[in-house]
Each structure stands twice: as structure tokens, then as C-alpha cells.
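Got the viewer open? Here's a short tour of what to select and what you'll find there.

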Amino acid sequence: MLGKKEVRELLEKRFSKDIHTKISEIPLPCHLKDTYKAAMRIKTAINENERIAVVGDYDVDGVVSSVIMADFLELMGADFFVKIPNRFTDGYGLNASILDEFDGVDLIVTVDNGISAVDAAKICKQKKIDLIITDHHMPPPVLPDAYAIINPKQKECPFPNIEICGAEVAWYLVGALKDVCKIEYDMSLALDLLVIAIIADMMELRDMNRVLVRMGIKKLNLSKRPCFRAIKEFNAKDKFEFDDISFLIAPLINCTGRMDDASLSYKFLRSKNIKEANYYLETIVKLNTSRKEEEKNLYENSLLEISGDDEIIVTWGDDWHEGVIGIVASRLCKQYRKPAIVFSVDKDRAKGSARSVEKFDILRLIASQKDMLLSFGGHKGAAGLTIEPSNLEAFKKAINASCFLQDLNTPAYADELLGELDVAELDLEMLEILEFFEPYGQKNPKPVFYIQNALVRNVRYIGKDQIHIKISFEKDGAMVEGLFFNYDYMPCIGDSVNLIVSVIKNNFRGVVTPELLIKEIS
């Protein structure tokens, strides 16, 4: 059984191979290829008052990247503007239609996109616009012909083998700019934003990412940005916890790009005062409510089309909202513990969003059918793709026939399961140990335990819809309570049951106690 000592030792082992464990040890801007080349070109543009366009992306990572660049350029008095493409009218990243809007631009800097913008780079050459690309997505075989490309995944880049997000790449460019411009600039000022991008973009929470997010949550709670004060006041919060980033802050920033225009989130994050922040937050909250409703409807519709026999879930519908198909794919993954691809279909194309489970490489599987696709891209855990609607049925069959390429039979909670929990050691000290190893996420999954032969002492419904239950257990003389949300098994008092659980903090009227969150019961 696992008590406090054993849990601490098991969690410490997760980080035994981390190289960068302090902020002073993380890689420097010089470890990223072309960073100083790009910084010198931007410095020249600032000094000569050239017009600079920053092109971002409509997700959290892209919006945060744009804010990080804008904060620095504004400080330097640069002549610049930020363009965050609209998902519905502009499409993804730097492209020909966006370039048509850029009159009098001398330099373009992409953040969190651009590594596949081969055609756009050619147009920039023709228009004599210098192009600097900062990105973290997988480079294609042929790179864009740009003035500089900063991407840790490109060949000959000496950056360590650590997955970093687009906002981190932009942050490193700002670090190089600070050096070449020879100014005093506190790089930690952006950590309140960086922590949100790292967690929202599901980066591996090991090594330097772990260092940055642990410092970032402190900076977030000390942040003077009116946007974060507005979120705290709206939600009656004194401080943000790590889970607030995943379940509160990131969805708010993300929903504008999904439902309307991500420029709203960009303006919200850069609000100059609380009145301005509250103005944008009111609009964003309404959009997030609409997003939840749209997601619920689409999810329920998608369930009608799914066969439980499929190894890979592939589902689609006419004019399904493009902004929420990724969220629905994530929910289907969680529901069925299988990779899922959800398409929105119109008369000319079907646009899909894919999400994966465990260690399954969904991008590799999609790439195996590239001859059938119009376009695709992404990474192991999430990808986007487009296909002609007439090919959807053939794609679904082919993708399921090809999944033998990888192992889909990973047991549930294989990565998270630590072992059998000693219920007698479940106390405030255990809570502190588990909180010390936060944040949990990619490559640092939230610990899950099993409990065998626990005696059910009491069961009661909670919540107005009575779809959740609270169960009291006894195990080896120790009593503990567990919450089972959306329960699918109702034990009887006196039953002996086996459970898979995680540990959560219950804070009721200022009294903190450990509690179990039940994932499975039998």
C-alpha cells in the first residue's frame, strides 16, 4: 500500500531526469536557431520606424504569443500592429488573403504559426517584405523561404529536446531583443501569461516547463494586469490555483476564437484599466456561455453517429460549428477512451479536428492517409485536417483499418495509476505532498490510486439533478468520503467495492479536508 512516504518517492522519480530544475538553468535565446538574426532585424525596423505586422493565431497560445510580442514592441515605441486571423473568415495562420490587407508593411513576425506558410513566404518575397517565423509546430519537408525561422523542431536547431509552446518561442525572441536593444527588461513580467499558454497548449509539464509554470502561477497571482483582476472579481476568487488555468482562464481566452474573433481576447489581456477589462470580460463570458450550449448540442448529435465497434471514432455533420469540434473530439476521447476525429461539413470541404488518448500518435495515423486529404497538421495529441466530403466514408474505413500501426490497448489510467492507496494515511500532509508536485498534465499526470475491498457505509445523492453521489467508505478501520460525478454504478450500503480514485481538496467554510474523486467503481 502507498502511504505518504511512498507517494512522495514515486512522484519524485518522475522528475529524476529533468535537466533544467531552476529558472537560472533554462536554455538561453542563443539555443534557438535564428533568434538573434531575427532580433537584429526587428531592432533595425524599430530604429528606422518601419511598419511591423505581428501575425498570431486564434487559440490561447497564439493570443498569448501576440500579447508578449506587443508588450515589448509597444515599450520600444515600434510602429506595429497585431493581426490575429479570424477562424471563419481568414483561416489559419499567415496566408495570401491576409497579406492583401497589409499595405505599407516592411516586416512580418509570425507567432505560434508560419512554419507551413510556404506560399505566403513567396508572396512576401515578391512584395519585398521580410518575414520572421516563430513557431513550434512540426516543420514540413520544405520550409518557407523566410528571413529567419525560429522553431526548436527545425533541423540544426541546438535547443534541447523539450516540447515548448509558441508563446515560449515568442518569449525567447523577446529575450534576444532585450539583449540586442541593450535595455533593462524584466523577462519574468510575461510569466503570468506564459503559464496560461503552456498549460492550455498541453505542453509536457517536466523540465523547464515545470520551472516556468511553478513560477508563473506565483506571477499570475501577483499580476497587475487588469484582466486577471477582472476574472478574480467576477468569480469571487482571492487567488488562482493551477486548475483555474485549465478550467476557468484558458476556456475564456479560447472561446472568442471559437465563437467570434480572438482579437477580443487579445484586447482583454492588454486592457489598460479595470473598466476596459470588465467591458471585454462581459462579452467574453456571453460567448463562453454560447460555446457551452453549442458544444452540448453538437456532442449529443455526435453520439447518435458513433459505433462502439470502431477503434478510431470518426463522426461528422453538416455545418457543425467549427469552433467547437475540437472540444467535442476531446469529450468523445474521454467518453470512449479512443482517439476521435470530428468533422464539420459544408458543400466544398469537411474540416476536422482530431484528439488522441494516452501515447497514441494521432498525427501519424492521419498522415498514413495523406493521399486522401486536402491538408493536415498538428502533433501527436491533437491535429487538424480537411478532406472532400465525398471521401469521408472511405477515410473512416481506412483510418480504422490502419490503426493496427499502433497499440490502442493501453489499460485505462495506465500512466496515472500509482498503486493501492493506504486510506489511513489520507490526511492534510498527503494533500500537501500531492499539491507540491503540481501542476499535473502532460508527462506529469494527476496521481490515480486504487482501493480494494472497501466497505460502503453510506450513499447519498448530491446536486439538484441527482446525477452525482457521495459515498462513505470504511477500509481497515479508516473512514473516508468520495464523490462520484455522473455516476454509472450505484453501490448498496454494506457492499464491498473496488475503486479507482484521485485525491482532491475539500474546502468547506474554511475547513480543508482530503476527499476522494471516484473515477470507477465495481
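**Stop one: a helix pair**

Start by selecting α3 and α7: α3 goes past α7 in a left-handed crossing. Keep in mind as you click around that this is a predicted model.

Now show the side chains where the two helices touch. On the α3 side, pick V60, D61, V64, V67, I68 and D71; on the α7 side, pick L193, L194, I196, A197 and A200. Color that contact by class and you get nine nonpolar residues, two charged ones and no polar ones.

Next, draw the helix axes. For α3 and α7 (residues 191-200), they sit 9 Å apart, at a packing angle of about 155 degrees. The cut-off for roughly antiparallel is over 145, so α3 and α7 count as roughly antiparallel to each other.

**Stop two: the second largest pocket**

Keep D71 selected, because the tour now moves to the second largest pocket, where D71 is among the residues that lie nearest the centre. Add L189, D192, S223 and R225, and you have the residues nearest the centre of this pocket's 23-residue lining. The space inside is about 530 Å³.

Which elements give two or more residues to that lining? Select α3 (60-75), α6 (166-181) and α8 (207-222) to see them. The largest share comes from α3, with four residues.

Finish by coloring the lining by class: eleven residues are nonpolar, nine are charged and three are polar. Leave α3 highlighted as you zoom out, since this helix both packs with α7 and lines the second largest pocket.

Definitions and conventions. Residues numbered from 1 in each chain as written. Predicted model: local features only at pLDDT ≥ 70, side-chain atom pairs only at ≥ 80, totals over all residues. Heavy atoms only, no water. 1 Å grid on protein atoms, 1.4 Å probe; cavity = no way out; pocket = protein on both sides within 12 Å on 5 of 7 lines; lining within 4 Å. Points joined across faces, edges and corners; volume = space filled by probe spheres on them. Nonpolar A, V, L, I, M, F, W, Y, C, P; charged D, E, K, R; others polar. Axes fitted to C-alpha atoms, helices over the stretch in contact; angles between N-to-C directions. Parallel < 35°, antiparallel > 145°, perpendicular 65-115°, else oblique. Left-handed = near helix turned anticlockwise from the far one by under 90°. Contact = heavy atoms within 4.5 Å.
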